[in-house]
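Work through these exercises with the sequence and the model side by side. Try each task before you read its solution.

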Amino acid sequence: MSPILVQVIVGGLLLGAVYALFSSGLTLIWGMMNIVNFAHGDFVMLGMYVAFVVWTLFGVGPVLAMPIAALVLATLGIVVYFALVRSIMKGPMLAQILGTFGLALLLRYAAFWWFGANFLSLPENIVGGTFDVWGIRIQASRLLAGAVALLVTGGLHLLLTRTQLGSKMLAVAEDPAAAQLMGIRPDTMQAIAWAIAAGVTGIAGALIATFFYIVPTVGETLGIVAFVTVSLGGFGSVPGALVAGLLIGVIESLSAYWIGAVYKDIVVYSLFLCFLWFRPQGLMGKS
Amino acid sequence: MRRLLWSSVALALAIAYPLLFSTPFQQRLGALVLLYAIAASAWNIVGGYAGQVSVGHVVFFGCGAYAAMGVYAHFALSPLVGIPVGIIASVAISAVVGVPTLRLSGHYFSMATIAVAELVRLIVTNTDYLGAGVGLSGPTVPRNLFDLSFISALPYYYLFLAVLLATLGITWWMAGSRMGFYLRAIRDSERAARSLGAPASRIKLYAFMLSAGLTSVAGALYATMFGFVDPESGLGILISVKMLIMAALGGAGLLFGPLVGAAILVPLEEISNNLLGGKGAGLTFVVYGAIIVLIARFQPGGILTLIKRVWARRGRPAQPAAVAGASHAP
């Protein structure tokens with residue numbers, strides 16, 4: 001393989017790790033309470049704006065922006081759960097879709113109103129410049145983003161599978177009524193799930209902001225990327241989201257390299273539709 | 001009988017509106033309310049009656065808009081010719097997209113329709129024949145009456161009123177037909193409807209196609225009135241969202257729900273844009289979003305359902321509280 005192709009694939013993998021990170025939040029909520037958060041991409045967008053505000057206020061990069069964005073978004077997640085999601089979950093389908101969709105509009109245009117429609121960005125070398133490894137050029141910001149995203153996604157998987165909290169959440173996902181009889185509060189567990197799911201989007205947003213432009217409508221594209229990742233990886237599966245995220249990152253990079261940058265979204269959306277139409281349980285899901 | 005009386009009064013008011021409120025702003029506002037009411041009523045067939053929440057209806061809207069401008073730009077024909085072209089194109093697209101997509105239920109259907117809409121927008125944005133990012137324009141100077149290019153909003157108002165009446169008539173006829181009963185059964189429980197022998201897939205597809213055709217008429221009329229279409233005004237996801245929220249605010253699955261929703265939201269948007277200028281665009285959609293969240297949270301049935309319930313309660317003041325609380329007392 002030519003070095004340039006390797007570089008494209010490595011770039012795709014690093015981006016894909018970030019996709020996997022915020023998609024794992026979507027898949028967690030989906031798997032646990034069977035509700036789709038149409039505002040998920042806009043949560044990531046808010047994380048990006050938090051990173052921008054942190055930089056303008058303190059002049060500090062993602063080291064400080066990540067924890068702050070995670071906290072802000074986790075708080076938002078809890079508020080959204082108690083104020084909106086808890087009641088629409090029991091409502092009709094139209095209410096479920098309208099609820100989070102309305103939230104998406106609200107967040108997107110609140111950002112538009114507050115920050116304006118201009119493309120904002122963090123300084124290019126906020127994490128460091130680019131460096132060469134065996135003839136492959138890698139941006140430090142993308143490397144950091146990929147590495148942190150892999151770590152956090154892995155940590156989330158461990159949290160869900162190896163800890164008591166994870167077992168409790170799994171119990172609520174299986175059967176809230178039975179879990180309640182065992183002394184687990186479904187409300188609390190679901191609120192924690194929303195906090196985690198929104199918190200990881202905050203981290204992802206702070207990471208993406210180091211190498212991507214910040215604009216209110218960026219959440220629309222990222223939201224669809226999350227849907228694609230989750231549908232590809234199987235609904236409710238964090239490892240599935242990881243594999244699918246990496247795969248989509250590579251597919252996107254390769255199609256941008258081979259066909260042209262404008263067509264990369266077309267490729268990803270078509271892929272998404274094919275999956276929904278022909279294999280709705282995902283790559284690794286059971287039929 | 002009383003329904004007929006109310007309907008005639010409403011119709012008379014609708015016909016008299018542009019004569020009573022005759023400034024250009026008010027006439028334009030009236031025309032826009034009717035236009036969005038047409039689109040939202042078309043959405044209502046599949047989103048309200050059938051309960052399939054499509055967020056991709058802008059594709060059909062765009063079909064109509066691009067057909068109306070396309071026949072002028074490429075063949076110098078009247079945009080009117082584009083209406084049947086748009087209907088044929090959108091019914092064909094809805095059939096092709098509908099067969100695999102309507103098998104999905106609930107959230108999955110909504111997600112798939114978003115992806116279809118974004119896909120179509122991206123493809124059109126990169127297609128030179130359809131004007132790419134710039135879009136297509138209609139006649140700058142009307143050559144004859146059939147170009148439907150008027151300075152005043154008055155002719156558009158009556159044209160849209162006629163089309164809205166036709167749309168509502170079709171919806172009303174459909175709702176009372178066998179198909180309407182099937183659709184409501186499918187909305188309440190598709191599995192139960194199937195097990196009782198309702199041909200769910202076929203009926204949903206018919207509803208989707210009918211809805212698509214009517215939506216494209218709204219798109220064609222929109223493009224004709226504004227004289228141009230580009231990917232943002234013809235295929236932006238916000239147009240789907242407007243159809244959806246107007247129907248839901250008024251009452252999804254009710255004949256006059258979309259009209260009520262349009263009559264509230266279109267003036268809200270126009271007036272706030274007028275007052276706040278460019279800065280208002282963002283704020284308007286913040287309000288839109290907040291309204292959607294509030295409807296979903298507190299009143300998923302929409303305003304008309306709420307009014308009906310209050311009305312029913314008021315009609316029986318002598319009922320004991322316990323019975324009134326049981327709501328469905330005969």
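**Exercise 1. Find the expected span of α3(B), compare it with the model, then describe the helix and what follows it.**

Solution. This is a predicted model.
- Step 1: α3(B) has 18 residues, so at 1.5 Å a residue it should span 26 Å.
- Step 2: The end C-alpha atoms of α3(B) are 25 Å apart, which agrees.
- Step 3: Look for a bend. α3(B) bends by about 25° at Met69(B).
- Step 4: Check the cover. Of the 18 residues of α3(B), 16 are buried, and the helix is mostly covered.
- Step 5: Move past the end of the helix. Just after α3(B), Ala76(B) has a positive phi of about 55°.

**Exercise 2. Place Ala76(B) and decide: is Ala76(B) buried or exposed?**

Solution.
- Step 1: Ala76(B) sits in the loop between α3 (58-75) and α4 (79-101) of chain B.
- Step 2: Its phi is positive although Ala76(B) is not a glycine.
- Step 3: Count the neighbours. Ala76(B) has 9 other C-beta atoms within 10 Å. A residue is exposed at 12 or fewer, so Ala76(B) is exposed.

**Exercise 3. Do the same for Ala132(B): where is Ala132(B) found?**

Solution.
- Step 1: The loop between α5 (107-125) and β1 (136-137) of chain B holds Ala132(B).
- Step 2: Phi of Ala132(B) is positive, near 45°, and the residue is not a glycine.
- Step 3: Ala132(B) has 14 other C-beta atoms within 10 Å, so it counts as partly exposed.

**Exercise 4. Describe α1(B): length, bend and cover.**

Solution.
- Step 1: α1(B) covers residues 2-20, which makes 19 residues.
- Step 2: From first C-alpha to last, α1(B) reaches 26 Å, close to the 27 Å expected.
- Step 3: α1(B) bends by about 30° at Ala14(B). Pro18(B), a proline, follows within four residues.
- Step 4: The number of buried residues in α1(B) is 1 of 19, so the helix lies largely in the open.

**Exercise 5. Which residues touch the most other members of the largest nonpolar core?**

Solution.
- Step 1: The core has 201 residues.
- Step 2: Leu35(B), Ile38(B) and Phe160(B) touch the most other members.
- Step 3: Helix α2 (residues 24-49) of chain B gives the largest share of this core, 16 residues.
- Step 4: Take Phe160(B) and set aside its neighbours within four places in sequence. Its contacts are then Ala31(B), Leu34(B), Leu35(B), Ile38(B) and Leu221(B).

**Exercise 6. Trace the hairpin of β1(A) and β2(A).**

Solution.
- Step 1: β1 (residues 130-133) and β2 (residues 136-139) of chain A run antiparallel, joined by 4 bridges.
- Step 2: Thr130(A) has Gln139(A) as its bridge partner.
- Step 3: Val133(A) has Ile136(A) as its bridge partner.
- Step 4: The hairpin has 2 residues between the strands, and Trp134(A) takes a positive phi near 45°.

**Exercise 7. Describe α5(A) and name what covers its buried residues.**

Solution.
- Step 1: α5(A), residues 140-162, has 23 residues and reaches 32 Å between its first and last C-alpha. The expected value is 33 Å, and the two are close.
- Step 2: The buried residues include Ser141(A), Arg142(A), Ala145(A), Ala149(A) and Leu156(A).
- Step 3: The cover over these buried residues includes β2, α1 (3-33), α6 (164-174), α8 (186-208) and α10 (238-258) of chain A.

**Exercise 8. How many residues of chain A are in contact with chain B, and which elements supply them?**

Solution.
- Step 1: 33 residues of chain A are in contact with 34 residues of chain B.
- Step 2: On the chain A side, the elements giving two or more residues are α3 (62-88), α4 (93-115), α9 (218-233) and α11 (264-278).
- Step 3: α4(A) gives the most, with 15 residues.
- Step 4: Sort this side by type. It has 27 nonpolar, 5 polar and 1 charged residues.

Conventions:
Residues are numbered from 1 along each chain as its sequence is written. Chains are lettered from A and ligands numbered from 1 in the order in which they are written. This is a predicted model: local features need pLDDT of at least 70, side-chain atom pairs count only at pLDDT 80 or more; totals for chains, interfaces and linings use all residues. Two strands pair if DSSP finds at least two bridges between them. Two residues are in contact if their C-beta atoms, placed from the backbone, lie within 7 Å. Ala, Val, Leu, Ile, Met, Phe, Trp, Tyr, Cys and Pro count as nonpolar, Asp, Glu, Lys and Arg as charged, and the others, Gly among them, as polar. The expected span of a helix is 1.5 Å times one less than its number of residues. The bend at a residue is the angle between axes fitted to the seven residues ending there and the seven starting there. A residue is buried if 20 or more other C-beta atoms lie within 10 Å of its own, exposed if 12 or fewer, and partly exposed in between; C-beta atoms are placed from the backbone. A nonpolar core is a set of buried Ala, Val, Leu, Ile, Met, Phe, Trp, Tyr and Cys residues joined through C-beta atoms within 7 Å.
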